[in-house]
Structures are given as structure tokens and as C-alpha cells.
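Reader: I would like a close look at one part of this model, with the surroundings explained as far as they bear on it. Please take it slowly and give the cut-offs for any terms you use.

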Amino acid sequence: MAKLHIITVPDPLLKTKSVAVELVDDDIRKLLDDMLETMYGAPGVGLAGVQVGVPKRLLVIHTARDDESKSPIALINPEILECSEDMRLHEEGCLSIPEVYAEVERPASCRVSYVDRDGKPQEMFCEDMLSTVVQHEIDHLNGVLFIDHLSKLKRDMIIKKYLKAQKGETVD
Ligand SMILES: [Zn+2]
């Protein structure tokens, strides 16, 4: 396995829509393994292909790593089938926008279809933290960042602060 470079805002690739994976082969499985290692090293709980510069519809997630009953999941061509009306608020961050956190409201649970690393179609019910993470990651495949869920005013403020911090200037 190899650690990959994670691209960050304002890289325009983060705003592009990723393309479907046509065939789940060894190259795809190697990419998923490398993405997992990259995610663990960051560390993070989810990572989409586009974040390592590969705009394909695939992602890895591992929430609650201290809970041994939960293993990492790789989702290829994931799609949200339905969402709950109940919402949940969570302070999100993103490996592509380091050091930035903001509360985002998303459906508290959702059902997702995807293809697994063996190329088999699967369905999964997600709730709580997993629901938030899976929606955050699927957003990446559509060129959407968590800050896009905030008001324009708040988003502009966050981006300005972020870009200043990247340049090493004092943030006020
Ligand atoms: Zn993210």
C-alpha cells in the first residue's frame, strides 16, 4: 500500500463531478487500499477518490475505529436511495479543507446502494455518524464540499480565513 497526496481547496478538481467506475479490477482494489492507508494516515474517517486526484465514483469510510465490530467499507458507484426526514447536526471537517470545521445539518439516516470491492451490488442502511460521513463523501463525487451547505456569507468568511491561514498570515 502507498500513501497518496490529498488535494486541498481551492484545487478545481474538487469541484468536478466524478465518473462512474466501469469495472472493479485489481487497479481499483489497489487504489481503494491506498486510499484507506492515506485516510488512516491523515487521519480521517472518510476519503473520496477525487481527494487523491482520481475523479472516479469511489470512496472509503471507517467510522468508530475503536469499535472492533466496525470494519472499513469501500463503496464504488454509491447512490443514496432514500433519506430520513429527521435531521442531525454534526461538526464536520474535511481532509481537503484542513483545520476548518463547521456544523452541517443532514438527514439522520439514509439507505445507500453501491458496488463492493468484489464487484457485487450491495445496499446499506446508515445512521448517526455513518449517515453524515457517507453523505459528505458522496457529495465529493458530485463536486460538493461540506462548506457548500453553509450560507454564502459563512462560506465566504471560512474560505477567506482558510486561505489566509494557508499563507501563514495571522487570522483575525
Ligand atoms: Zn471531505
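Where does Pro10 lie?

Author: Pro10 lies in the segment that comes before H1, and Val9 is joined to Pro10 by a cis peptide bond whose omega is about 10 degrees. The model is a predicted one, in which local features need pLDDT of at least 70 and side-chain atom pairs count only at pLDDT 80 or more, while totals for chains, interfaces and linings use all residues. Residue numbers start from 1 along each chain, as its sequence is written. Helices (H or I, at least four residues) and strands (E, at least two) are DSSP runs numbered from the N terminus.

A second cis peptide bond links Ala42 to Pro43, with omega about -10 degrees, and Pro43 belongs to the loop between H1 and E1. As a rule, most peptide bonds are trans and most residues other than glycine have a negative phi.

The helix that follows the segment of Pro10 is H1, residues 26–41, whose 16 residues reach 22 Å from first C-alpha to last, close to the 22 Å expected at 1.5 Å a residue (the expected span being 1.5 Å times one less than the number of residues). Ile28, Leu32, Met35, Thr38 and Met39 are the buried residues of H1; buried means that 20 or more other C-beta atoms, placed from the backbone, lie within 10 Å of the residue's own, exposed that 12 or fewer do, and partly exposed covers the range in between. Seen down the axis of H1, these buried residues fall within an arc of 125 degrees (taken from the directions from the helix axis to the C-beta atoms), so they line one face of the helix. On the other side of H1, Asp26, Lys30 and Gly41 are exposed.

The buried residues of H1 pack against strands E1 (46–48), E2 (58–61) and E3 (73–83), with contact meaning C-beta atoms, placed from the backbone, within 7 Å of each other. H1 lies across E1, E2 and E3 and runs at about 40 degrees to E2, where axes are lines fitted to C-alpha atoms, for helices over the stretch in contact, and angles run from 0 to 180 degrees between N-to-C directions.

Those strands belong to an open sheet of five, in the order E1-E2-E3-E6-E7, with antiparallel pairing (two strands pair if DSSP finds at least two bridges between them). E1 and E7 stand at the edges with a single partner strand each, so one side of each is left without a neighbour in the sheet. From one strand to the next, the twist averages 40 degrees. Four bridges join E2 to the antiparallel E3, and Leu58 stands opposite Ile76 in E3. Also in strand E3 is Asn77, which has a positive phi of about 50 degrees although it is not a glycine, and which is partly exposed, with 18 other C-beta atoms within 10 Å.

Further along the sheet, seven bridges connect E6 to strand E7 (residues 121–127), and the two run antiparallel. They form a hairpin with five residues between them, and Gly119 in the turn has a positive phi of about 85 degrees. The bridge partner of Cys110 in E7 is Cys126.

The other helix to consider is H2 (residues 128–141), whose 14 residues reach 21 Å, close to the 20 Å expected at 1.5 Å a residue. H2 is mostly covered, since eleven of its 14 residues are buried, among them Leu130, Val133, Val134, Ile138 and Leu141.

Finally, the largest nonpolar core has 34 residues, and those with the most contacts inside it are Leu59, Val60, Ile61, Leu75 and Val134; such a core is a set of buried Ala, Val, Leu, Ile, Met, Phe, Trp, Tyr and Cys residues joined through C-beta atoms within 7 Å. H1, E1, E2, E3, strand E6 (109–115) and H2 each supply at least two residues of this core, and its largest share, five residues, comes from H2. Leaving aside neighbours within four places in sequence, Val134 is in contact with Ile61, Cys110, Val112 and Cys126.

How values were computed. Two residues are in contact if their C-beta atoms, placed from the backbone, lie within 7 Å.
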